[in-house]
Amino acid sequence: MANYFIDPSAAVNGDGTITQPFNNLEAAGLSTNNTYYVRRVTAISANRTINTITVPTGVKILGWPKVDDIGYITRPTNAAWDADVGDYPIITSKLNLANVYNVELTRLRWDLTGITIPSTPGWKAIAVSGCSNILIKNVSVNYGVTPYSSYTNFFIHVLQSRQIFIDVQFEYNAYIIYAASAAIHLQSVNQFVLNVRHYTKSQT
């Protein structure tokens, strides 16, 4: 059980320590029972691709805690990260949870501005299948302004799992985004709690 650190704004990919963090989630190489803190930088990387990352059992992927977060007191010491004004780290990777348990995803934001989602096989930011005791808390998505051609795009897709806790916010431009694209799809799920905040950005 170890802590690793990811700073998407870092110019050089480090070794995952707090002084030399990874600069992307893929480079971290997620391992069982480890915690991965992601810095709440507001800049969006120029190298924005949609990759799939497999999330093992016991992993926590946490946006760097803010003062009101439960994990703030127990966070490692890093004054520079504490001073960041952003609310979320920005990521685009798909997270795949299959037959795992005790996973936590907290304070993360997907921003797909300028990214075209392929219509086949569809896009799922968080795919959960055959899992238990999964916490997805304070996550949000901005679908941006790129049209999508498929009705099979879901922000979160949960299949045949139990004890799922989801707290999510959608932000999208409704006039060009299919309704089914801004969706949580729960299929054969037992014992879940769902809190959704859903709004449309004003147009200019």
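Is Arg75 buried or exposed? With a relative accessible area of 19%, Arg75 is buried, because the cut-off for that class is under 20%. The points below concern a predicted model, and they begin with this residue and its partners.

1. Surroundings of Arg75. The side chain of Arg75 forms a salt bridge with that of Asp82, at 2.8 Å from N to O. Asp82 has a relative accessibility of 27% and therefore counts as partly exposed, so this bridge joins a buried residue to a partly exposed one. Arg75 also lies over the face of Tyr72, at 3.7 Å from the ring centre. Arg75 thus has both an acidic partner, Asp82, and an aromatic one, Tyr72.

2. Surroundings of Arg107. A comparable description applies to Arg107, which is buried with a relative accessible area of 9%. Arg107 forms a salt bridge with Asp69, and the closest N and O atoms are 2.7 Å apart. Arg107 belongs to strand β7, whereas Asp69 is in the loop between β4 and α1, so the pair ties together parts of the chain that are 38 residues apart in sequence. The charged end of Arg107 also sits over the ring of Tyr88, 5.8 Å from its centre.

3. The remaining salt bridges. Side chains of opposite charge can pair when their charged atoms come close. In the whole structure, 5 salt bridges are found. One of them is between the side chains of Lys66 and Asp87, with an N to O distance of 2.6 Å. This pair links distant parts of the chain, 21 residues apart: Lys66 is in the loop between β4 (60-63) and α1, and Asp87 is in the loop between α1 and β5 (90-91). Both partners are partly exposed, Lys66 at 25% relative accessibility and Asp87 at 40%. In addition, a network of salt bridges links Asp7, Arg39 and Asp84.

4. Aromatic pairs. The count of aromatic pairs comes to 7. In one of them, the ring centres of Phe5 and Trp81 are 6.0 Å apart and the planes meet at 75°, so the pair is edge-to-face. Phe5 is part of strand β1 and Trp81 of helix α1 (residues 79-82), so the contact ties together parts that are 76 residues apart in sequence. Phe5 and Trp81 are both buried. Ring pairs further join Phe5 and Trp81 with Tyr37 and Trp64 in a cluster.

5. Ser161. This residue is located in strand β10 (residues 154-172) and is buried, with a relative accessible area of 4%. Which backbone atoms lie close to a polar atom of the side chain of Ser161? The backbone nitrogen of Gly130 is at 3.2 Å, and the backbone oxygen of Leu159 is reached at 3.1 Å. Leaving aside neighbours within four places in sequence, Ser161 is in contact with Val128, Ser129, Gly130 and Cys131, and also with Ser188, Val189 and Asn190. Gly130 therefore appears both as a polar partner and in the list of contacts, where the cut-off is heavy atoms within 4.5 Å.

6. Positive phi values. Most residues other than glycine have a negative phi. Two residues deserve inspection on this account. Asn99 has a positive phi of about 55° although it is not a glycine. Asn99 lies in the loop between β6 (94-98) and β7 (101-111) and counts as exposed at 61% relative accessibility. Gln163, also not a glycine, has a positive phi near 55°. Gln163 lies within strand β10 and is partly exposed, with a relative accessible area of 26%. The two settings are thus a loop for Asn99 and a strand for Gln163.

7. Ala27. The loop between β1 (3-6) and β2 (35-38) contains Ala27, which counts as partly exposed at 29% relative accessibility. Not counting residues up to four places away in sequence, Ala27 touches Asn13 and Phe22. The C-alpha atoms of Ala27 and Gly14 are separated by 9.1 Å, and these two residues are 13 residues apart along the chain.

Note on methods: Residues numbered from 1 in each chain as written. Predicted model: local features only at pLDDT ≥ 70, side-chain atom pairs only at ≥ 80, totals over all residues. Heavy atoms only, no water. Buried < 20%, exposed > 50% of the residue type's maximum accessible area, 1.4 Å probe, protein only. Polar contact = N/O pair within 3.5 Å; in protein donor to acceptor, adjacent residues only side chain to side chain. Phe/Tyr/Trp six-rings, centres within 6.5 Å; stacked < 30°, edge-to-face > 60°. Lys NZ or Arg CZ within 6 Å of the ring centre and 35° of its normal. Salt bridge = Lys/Arg side-chain N within 4 Å of Asp/Glu carboxyl O.
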